[in-house]
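Me: I am new to this structure. Please take a close look at one part for me: the aromatic rings and how they pair.

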Amino acid sequence: MTFALGAGSIRIDVTVSRGQVCAVALSADRPQGLAQMFVGRNPQEAPQLAGRLFSLCGFAQSTASTLAVAAAKGEPVPEHKRRDFAMGVLAERVFETLRALVMQWPTSTGARFAAQAAPALRKALTASQSIIAGAATNVETAVSVVTLEDAAAALGAGRTEPPSADTLCGAILAELRGTDSFPRRAADALSPDEDPVVVDLMRREAGFCTRPHLAGRVAETGAYARLGGILPVHGPHLAARFSARIEDVRESLDVMRVLAEGKAVDTGDLMRQGELPHNTGFGAVECARGRLYHEAEIGADGRLSAYRMLAPTEWNFHPAGPFVETLLSSCIGEGETARTTVSQLAALFDPCVAFEIRLKEAAHA
């Protein structure tokens, strides 16, 4: 969730001993106090402000804010509006996943497929924006879903499984199948059923929104956490993480197709809202990088008296979280090989800000 006026970054310091990771330290240089920008405003202003503040996943941010404010006011969002939100969130999720793979993959593979990838990504952007706009008729929305499917297929994230070797995704997957630096690790997935616990801690525990944890653990969120249970048990870890990103695109498109046909879809896990004591409500949305939370509290004067946000990156790049846990004790080699391997892992966790990797060799007695 990048802040449009200066996103900041995450620095990843990795200490290696004879090619094996022995220490990892994360430090973030990110804007603080963004939630305070909401306090004192009319609640109706919050969703628009949320959409403007963040240059990535802006629609998911706005949707989570809408759900939170509506819950704080005791006003459930109508079903037809939830369907519109679901279409927009999924369209943005597909585009954001494809954009990250095209524009941020840390090896030369992306450059080799630039001529193929660029027009497909532009097509995906146009289609997702059309769906998010929400002004189209059902027929126009269905056409935009097909366009988004075609763009994903051109990049290798279509229904063909595994992706064709002559696509960007096929080439990246082939690259990762030759990498076996990390032990296979199942995700300790953040579940939608844990929303009440999360939002309660957001309210009660200072610093929770920047260092979230649950009962002594730091959960993971995102495509691998959502789909880890259905992925093959064997094979390189990076390839499994990448496959989860592609499968998430496919599943998102499947749901969008059903919604465009006017059929019923259970969106309970995709987005939720809940009323809390003292005119407080929350909204939770599964966006490209994982589960996003907004929490709004309305004061006696009818204005927002408190506001809180928790982004997926805070779970995944927690100093003792899943990214660090995956990296520790892994055999990543040395020099540029090590840097590339760490960069690939970071890209597949997909933080919402830029990241910088610093490698150093451990001193030996």
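Reply: A note before the rings: this is a predicted model. The structure holds seven aromatic pairs. Two of them are described here.

Start with Phe208 and Trp315. Their ring centres lie 6.1 Å apart. Their planes make an angle of 85°. Why is this pair called edge-to-face? Planes over 60 degrees apart count as edge-to-face, and the angle here is 85°. The pair links distant parts of the chain, 107 residues apart. Phe208 sits in the loop between helix H8 (195-204) and helix H9 (223-227). Trp315 belongs to helix H11 (residues 312-316). Are these two rings' residues buried or exposed? Phe208 is buried, with a relative accessible area of 0%. Trp315 is buried too, also at 0%.

Now take Phe323 and Phe349. Their ring centres are 5.6 Å apart and their planes stand at 90°, so this pair is edge-to-face. Phe323 lies in helix H12 (residues 322-327). Phe349 lies in helix H13 (residues 335-349). The two are 26 residues apart, and the pair links distant parts of the chain. Phe323 counts as buried, at 0% relative accessibility. Phe349 is buried as well, with a relative accessible area of 4%.

This pair has company. Phe323 and Phe349 form one aromatic cluster with Phe317.

One more ring deserves a look, this time with a charged partner. Arg241 lies over the face of Tyr224. The distance from the ring centre is 4.1 Å.

Notes:
Residues are numbered from 1 along each chain as its sequence is written. This is a predicted model: local features need pLDDT of at least 70, side-chain atom pairs count only at pLDDT 80 or more; totals for chains, interfaces and linings use all residues. Side-chain values use heavy atoms; hydrogens and water are left out. Rings of Phe, Tyr and Trp (its six-membered ring) pair if their centres lie within 6.5 Å; planes under 30 degrees apart count as stacked, over 60 as edge-to-face and the rest as tilted. Helices (H or I, at least four residues) and strands (E, at least two) are DSSP runs, numbered from the N terminus. Buried means under 20% relative accessible area, exposed over 50%, partly exposed in between (1.4 Å probe, protein chains only). A charge sits over a ring if NZ of Lys or CZ of Arg is within 6 Å of the ring centre and within 35 degrees of the ring normal.
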